[in-house]
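Dear colleague,

I am passing on the structure below, with notes on its sheets and on a helix pair. Please read the notes with the coordinates open.

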Amino acid sequence: MRTAQFTRVSCDVLCIGGSGAAVSAAFMAAQKGMSVALVSKGKAGRSGNAMMVGGGFGVDGYSARHILGEAQADERYTPQALFEKVVKASFFLSDQALAEQFVTEAPLMTKQFLEWSRAAGQNFPFVKSGLYAVSGSSVGKTIQQGIKSAVGCKVYDDVMVLELLADCGRVAGALGLDIYTGDYIVFEAKCVVLATGGFQPHTLKNTISEMSGDGMAMALRAGARLADMEFLLYIPTAVQPPYLRGSILPYLFTIPVFMPLSFKVIDRTGKTLEIPAPFDDVAGSNKLKKLIYSYFWSTGSTCDTMNGNLFFDYSMHTDEQINQAFDFFTEHYSRWHKKGYYNGVDLAGVRELLLRERRLEFALGNEYSNGGVVINERMQTDLEGLFAAGETTSGLFGALRAGDGLTEMLAHGYRAGLEAAAFSAGAARPGNLSAQAEKIVAELESVFERPVEEMRVPILAARLRSLADSGLNVVRDEQKIRCALDGVREIRRELGQVGIASKSRRCNLDYLGWLELRNLSVLTEAALLAAGQRRESRGSHIRADYPGVDNHHYLCRLTAKLEDGRLTQGRIRPRAGRLPLPDRDYTSVADYLADIL
């Protein structure tokens with residue numbers, strides 16, 4: 001057996017993650033006098049999907065005016081209006097207590113975030129209602145300023161957290177692997193905040209990092225429940241040319257305030273995919289439009305819309321019109337990017353492509369996961385001592401995210417940090433967790449002792465993506481879900497048998513890939529189980545064989561829990577609040593959307 005050496009780190013609050021939710025939690029806990037360790041798989045503030053923000057974030061207009069001091073804000077857009085928007089767009093799966101927390105506390109942390117942005121020299125113009133325009137690395141620079149402001153917080157970059165550790169029945173730390181040195185670190189804490197982001201199992205996704213759902217999977221193995229895993233959000237994402245693949249530019253091109261250029265959508269067969277009234281009149285910046293695009297373009301085409309086959313058609317425009325629109329788009333984003341570029345993409349090349357071909361190929365790529373760890377409005381999980389925040393969680397947005405992801409990070413991080421600090425103030429320090437860590441390492445490192453088959457882990461990862469593309473497609477059916485579920489279970493079995501050639505822990509991409517696939521595969525199985533059990537359509541879960549919204553049987557959140565190594569399922573009835581739960585069924589997702597527009 002290989003021997004492992006451990007470095008021990010002790011703190012009051014351990015925050016796992018390197019983006020908005022984790023940093024907000026770390027800041028708030030440090031403000032309350034706690035010693036905080038912030039552990040990030042990459043560089044904190046310089047990795048994670050907050051760097052992909054391309055449009056804006058915001059709060060309601062009333063709070064923007066009275067809390068954030070924006071005199072031009074429309075205070076008719078009230079917290080109540082935002083609350084109703086979130087709950088109705090969730091197809092009433094939103095935990096209304098969580099929605100209340102979101103609309104009430106998001107402005108408080110947004111105010112702090114804006115203070116960080118000014119200190120970091122970043123400019124987020126206020127554009128309407130409660131919305132701030134923002135993009136790219138400006139978010140990361142602001143988050144980095146937040147880390148600097150968190151007095152009493154020590155940052156551990158490039159450390160992948162592998163498992164949660166427990167002491168006397170409560171979560172009291174975690175085991176981490178320093179990616180570059182190969183050393184193991186035992187973090188001992190009075191409590192833990194998980195804020196590691198979501199999971200994205202598909203081939204095409206708009207992300208700058210591998211969204212393997214590490215925090216969700218760790219919480220699941222520790223005994224927590226997950227919920228809403230079947231609800232994955234899709235947006236127009238670039239497919240061609242290759243240098244553009246995965247970019248959210250096609251989505252931004254659908255929003256007239258960014259790209260004032262109309263378009264038609266056609267599929268590879270030449271069929272024009274229409275969006276009927278009243279859905280075509282919904283503003284491009286409205287989050288509901290993401291579901292509208294997915295629903296009508298996927299149900300209207302016989303092509304696989306998740307892996308290409310869709311085109312924006314600009315043939316109705318002159319060269320002058322295309323050039324004017326690109327000039328406008330380029331000028332808008334030059335506030336945050338090198339002029340002429342967007343997140344490293346040379347916009348001149350995209351302009352030339354549109355002028356030459358008059359079309360741009362795209363697909364519906366995975367943007368966000370609505371599912372995650374079950375929490376309450378205090379960010380508490382099922383496990384004592386474990387809090388969670390941001391996209392790692394479930395319960396706020398239900399079947400469809402209608403609020404801003406960055407705002408979710410801030411609101412959740414704010415509350416998680418305060419609750420973690422309060423918990424820590426009355427908690428004892430854990431005992432020595434090294435023996436528990438040694439047992440986990442021995443189990444994980446058995447991968448180094450097993451027979452090696454060259455490139456097996458990458459092959460399994462590619463197979464998982466293909467299965468997710470089929471079973472968790474934008475439009476799903478029973479047969480594809482079952483076939484994908486069987487395939488994912490086989491992958492999980494094979495992962496327990498596969499070996500890795502390199503025996504070093506230091507910068508071992510095969511080991512890291514195996515660890516990530518171990519996490520992503522169990523989450524994909526949970527998503528497929530929920531997709532199979534939910535025999536209706538709701539939000540971003542669209543069933544070809546069950547097109548109706550069935551509130552009589554499926555107005556519930558489907559949960560997953562690991563018991564003896566097997567996933568078991570359960571149900572949670574959404575908590576009602578200001579809005580009563582509906583008792584009416586709908587013939588389709590479109591029928592429901594028409595009712596709430």
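Strands 3, 4 and 5

Strand 4 pairs with strand 5 (residues 131-133) in the antiparallel sense, over 2 bridges. Please keep in mind that this is a predicted model. Within this pairing, F126 lies opposite Y132 of strand 5.

The pair belongs to an open sheet of 3 strands, ordered 3-5-4, with antiparallel pairing. Strand 3 (56-58) and strand 4 (126-128) are at the edges; each has a single partner strand, so one side of each has no neighbour in the sheet. On average, neighbouring strands of this sheet are turned by 40 degrees against each other, direction ignored.

Strands 11, 12, 13 and 16

An open sheet of 4 strands is also present, in the order 11-16-13-12, and its pairing is antiparallel. Its edge strands are strand 11 (232-238) and strand 12 (264-267), each of which pairs on one side only. From one strand to the next the twist averages 40 degrees.

Strand 11 and strand 16 (residues 359-369) run antiparallel and are joined by 7 bridges. One position to look at is A238, whose bridge partner in strand 16 is F362.

What packs on this sheet? Helix 8 (residues 288-299) does, touching strand 11, strand 12, strand 13 (310-313) and strand 16. The direction of helix 8 makes about 75 degrees with that of strand 11.

Helices 9 and 10

Two packed helices are described by the angle between their axes and the distance between the axes. For helix 9 (residues 319-333) and helix 10 (residues 347-357), the axes come within 10 Å and cross at roughly 160 degrees. Angles over 145 degrees count as roughly antiparallel, and helix 9 is therefore roughly antiparallel to helix 10. The crossing of helix 9 with helix 10 is right-handed.

Which residues meet in this contact? From helix 9 they are D319, I322, N323, F326, D327, F329 and T330; from helix 10 they are L347, V350, R351, L354 and L355. By class, the residues of the contact of helix 9 with helix 10 divide into 7 nonpolar, 2 polar and 3 charged. Among the charged ones are D319 and D327 in helix 9 and R351 in helix 10. The polar ones include N323 and T330, both in helix 9.

For a look at the model, the F126 and Y132 pair, the A238 and F362 pair and the contact of helix 9 with helix 10 are places to start.

Regards

Notes. Residues are numbered from 1 along each chain as its sequence is written. This is a predicted model: local features need pLDDT of at least 70, side-chain atom pairs count only at pLDDT 80 or more; totals for chains, interfaces and linings use all residues. Side-chain values use heavy atoms; hydrogens and water are left out. Two strands pair if DSSP finds at least two bridges between them. Axes are lines fitted to C-alpha atoms, for helices over the stretch in contact, and angles run from 0 to 180 degrees between N-to-C directions. Angles under 35 degrees count as roughly parallel, over 145 as roughly antiparallel, 65 to 115 as roughly perpendicular and the rest as oblique. A crossing is left-handed if the near helix is turned anticlockwise from the far one by less than a right angle, and right-handed if clockwise. Contact means heavy atoms within 4.5 Å.
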